[in-house]
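Visitor: I am new to this structure and would like a close look at a single part of it, namely the charged side chains that pair with one another. Please take me through them slowly, and then show me what else belongs in the picture.

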Amino acid sequence: IIGNNNYRHTAIVEIPGNEAYSFFNTIFIGKSLHQKTIRDQVLAHEMAHIQGWHFLDLVYLQLVKCIFWFNPFAYLYYKSIKLQHEYIADQSALRRTSAEAYEQSLLKFTLSKIDNSLITAFGQHPIEQRLKMIYKLNSNTMNNLKPLLSLPILAILFVSFSCEEELVSET
């Protein structure tokens, strides 16, 4: 167990390899992660999982999957929640570093864990979705104003439906 002042009440355990994960208030991090920037960002990411109590959601959803093993939506919901947890942890880690540095670290960390003989396409991995979310989180103000472009259309629809047309019968 490694002591670290930045992670009080959190145990950091080194494990063989280059994996990183957390459970309850313990972060398990691979001994192979020597680069300080990557290691710090992985620790910040895993700390966000601990602070958000994400393991409780995952344990609960595992129970749901066991009970509703026949329902494909249980598996899809589990996968979706795991991805949402990653987005939340990424957003928390981005508060401590720049988006570019975090993206580079995320790619290096993820690609170091993947067996290259099994890869068919980069787009098949959830890392692509996480990188897209990082870009969305760090978009400029113009992207935040895009929903306002629908206001003129809504105004035209409102005016067109609020006008009454009199039907004149010719008798």
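Guide: A salt bridge is here a side-chain nitrogen of Lys or Arg lying within 4 Å of a carboxyl oxygen of Asp or Glu. With that in mind, and remembering that this is a predicted model, a search through the whole structure turns up two salt bridges.

One of them joins Arg39 to Glu14, whose closest N and O atoms are 2.9 Å apart. This pair links distant parts of the chain, since Arg39 belongs to helix α1 (residues 36-51) while Glu14 belongs to strand β1 (residues 11-15), 25 residues apart. As for their surroundings, Arg39 has a relative accessibility of 16%, and because buried means under 20%, Arg39 counts as buried. Its partner Glu14, with a relative accessible area of 34%, is partly exposed.

The other salt bridge is formed by the side chains of Asp40 and Lys36, at 2.8 Å from N to O. Here the two partners are four residues apart in helix α1, and so they are separated by about one helical turn. Asp40, at 33% relative accessibility, counts as partly exposed, whereas Lys36 has a relative accessible area of 58% and is therefore exposed, the cut-off for that word being over 50%.

To place these pairs in the chain, it helps to step back to the overall layout. The protein chain holds seven helices and three strands, and when it is read along the sequence the pattern is β-β-β-α-α-α-α-α-α-α. Of its 171 residues, 29% count as buried. If one takes the contacts between residues at least 6 apart in sequence, 53% of them join residues at least 24 apart. The chain exposes about 12,600 Å², and carbon and sulfur atoms supply 61% of that area.

Another charged side chain is placed against a ring: Lys65 lies over the face of Tyr78, at 4.0 Å from the ring centre.

A polar contact that deserves the same attention involves His85, which has its place in helix α3 (residues 72-94). At 6% relative accessibility, His85 counts as buried, and its side chain makes a polar contact with the side chain of Asp57 at 2.9 Å. Leaving aside residues up to four places away in sequence, His85 touches His49, His54, Asp57 and Leu58, so that Asp57 appears both as a polar partner and among the residues touched, because a contact here means heavy atoms within 4.5 Å.

Finally, there are the aromatic rings, for the structure holds seven aromatic pairs. In one of these, Tyr21 and Phe28 have ring centres 5.1 Å apart and planes at 25°, so the pair is stacked. Tyr21 has a relative accessible area of 41% and is partly exposed, and Phe28, at 23% relative accessibility, also counts as partly exposed. Elsewhere in the list of rings, Phe23, Phe24, Trp53 and Phe55 form one aromatic cluster.

To return to the part you asked about, the salt bridge of Arg39 and Glu14 connects helix α1 with strand β1, while that of Asp40 and Lys36 lies within helix α1.

Note on methods
Residues numbered from 1 in each chain as written. Predicted model: local features only at pLDDT ≥ 70, side-chain atom pairs only at ≥ 80, totals over all residues. Heavy atoms only, no water. Helix = DSSP H or I, 4+ residues; strand = E, 2+ residues; numbered from the N terminus. Buried < 20%, exposed > 50% of the residue type's maximum accessible area, 1.4 Å probe, protein only. Areas by Shrake-Rupley, 256 points an atom, 1.4 Å probe, with all protein chains shown as cover. Phe/Tyr/Trp six-rings, centres within 6.5 Å; stacked < 30°, edge-to-face > 60°. Lys NZ or Arg CZ within 6 Å of the ring centre and 35° of its normal. Polar contact = N/O pair within 3.5 Å; in protein donor to acceptor, adjacent residues only side chain to side chain.
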